[in-house]
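This report looks at the empty spaces inside one protein chain and at the residues around them. Start with the view below.

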Amino acid sequence: MNKTRISLMLNFAHALDHMFLLIFATAVSSIAADMGMVRWEDLMPYGAAAFFFFGVGSLPAGKLGDQWGRRPMMIVFFFGMGVSSLLVSQAQTPLQLALLLAIMGGFASIYHPVGIPMLMQYTNRPGRAIGFNGLMGNLGIAMAAVLTGWVIKISDWRAAFMLPGVLSMVMGIVFWRLSRGDDIAPSKKNQTETTAPHERQSTLFFVMTLAATTGSLLFNFSTNSNGEVLADRLRGLVNDPAGIGMLLAAVYVLASLSQLVIGYLLDRVPLRKLYLSVLTLQLLTLLAATWSSGWWFYLVQVAFMCLIFAAIPFTDAMIVRYVDDAMRSRISGARFAVSFGASSLAVWLIGPIIKAGGMQTFLWTMVATSAATLAVISFLPSTE
């Protein structure tokens, strides 16, 4: 078994995971028009179920990853994502769309509690590995923006789901051929010495879960609305959906690079100090977004997305640093079940908030969410 190739496949899987979850948000205007809905905001709540099951599905996925094995779970991930995406492309009504997106969200839930701990098995520099993995996940978000925009321009929204579906199944075949089938399930291995002192475990898990929840809320608020927010702020300057998609893809590519920097720093700088610094800058840039418009807003959007993405690796870093590999998938699953499950509310709220209060109110909601994350992390105990 070639560990480098397996690691590469696991990183590509992260890109695929995030790309699938944001096809709907990128194509929502086209889907709404095709299904006879006047406003795209009215269709957004139908995507919330995908993110809810993306969260709650992490709990059984993590348990199966530790007890059954991470390799078979990743094979289920690749093929499950592919088949469910093909089914989404055939939805005829908003209710059918919501149901099929929920199924896809369930398969998508496998990656984070299974794929990331599996990746950590093959590295002795977790900070760098987490940073690069985060980069790949966020490049998947960029792929959703640019690929979906161009596919819709030359075909329709259904093709935007079909093409990635086929790609996922092809990747599943490659992963199955490259990986070894005799790996021992993590729960059957001997424990190592990576766990944190017992008195700190409860506090760490509590703070980590709360921070991951508010951070995931902000992540969902931003990534599921950025296309429409950018179109609103650039109205009269850029009106082509493909052009907006290209600009947004550039935002995500630049923002993704921030995770490489964070990965490098995680191996060298105290975690709490670094986390608080990132969140403070994140809050300031979101405040700047509330009064920006036109190309100034685009520059500010690049900045706040860099900092939203930069905050993502911290909870994974805490799990790697303080949780034994034999139970990392279960701990990750529990954390993701709470944080992603709760943050699915963000997808449901985007449409109603913008419809009722406009973009300015929505941006202030993001500011408040960022401030909540900063407040939670201020209670994180120093473990350095």
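## Terms and basis

Helices are DSSP runs (H or I) of at least four residues, strands are DSSP runs (E) of at least two, and both are numbered from the N terminus. This is a predicted model, in which local features need pLDDT of at least 70, side-chain atom pairs count only at pLDDT 80 or more, and totals for chains, interfaces and linings use all residues. Residues are numbered from 1 along each chain as its sequence is written, and side-chain values use heavy atoms, with hydrogens and water left out.

## Confidence

pLDDT is the predictor's confidence in each residue, from 0 to 100. The chain averages 85. A score of at least 70 is reached by 93% of the residues. Among the elements, helix α4 (residues 70-88) has the highest mean pLDDT, 96. Helix α9 (residues 198-223) has the lowest, 78.

## Cavities

Spaces are found on a 1 Å grid over the protein atoms alone. A cavity is a set of points where a 1.4 Å probe fits but cannot get out, and lining residues have an atom within 4 Å of a point. Grid points are joined across faces, edges and corners, and a volume is the space filled by probe spheres set on the points.

The structure holds 4 cavities of 30 Å³ or more. The largest contains about 450 Å³ of space. It is lined by 36 residues, with G215, S216, F219, I312 and F340 closest to its centre. Helix α9 gives the largest share of this lining, 8 residues. Helices that supply at least two residues include α1, α12 (271-289) and α15 (328-377). By class, the lining has 18 nonpolar, 16 polar and 2 charged residues. Here Ala, Val, Leu, Ile, Met, Phe, Trp, Tyr, Cys and Pro count as nonpolar, Asp, Glu, Lys and Arg as charged, and the others, Gly among them, as polar.

The second largest cavity holds about 50 Å³. Its lining is I116, P117, M120, D316, I319, V320, R328 and S332. Helices α6, α14 and α15 each supply at least two of these residues. The classes are 5 nonpolar, 1 polar and 2 charged.

## Pockets

A pocket is an open set of points with protein on both sides within 12 Å along at least five of seven lines. The largest has a volume of about 490 Å³. It is lined by 29 residues, and T26, S29, E228, P241 and I244 lie nearest its centre. Helices α1 (3-34), α7 (126-154), α10 (226-233) and α11 (241-266) each supply at least two lining residues. The lining divides into 13 nonpolar, 12 polar and 4 charged.

The second largest pocket has a volume of about 260 Å³. Its lining has 13 residues, with S7, L119, Y122, T123 and A129 nearest the centre. Helices α1 and α7 give two or more residues each. The largest share, 5 residues, comes from α1.

## Nonpolar core

A nonpolar core is a set of buried Ala, Val, Leu, Ile, Met, Phe, Trp, Tyr and Cys residues joined through side-chain atoms within 4.5 Å. Buried means under 20% relative accessible area (1.4 Å probe, protein chains only). The largest such core has 126 residues, and M74 and L97 touch the most other members. Helix α1 gives the most to this core, 16 residues.

What does M74 touch? Not counting residues up to four places away in sequence, M74 touches L10, A13, Y111, V114, G115, M118 and F175. Contact means heavy atoms within 4.5 Å.

Conventions:
Buried means under 20% relative accessible area, exposed over 50%, partly exposed in between (1.4 Å probe, protein chains only).
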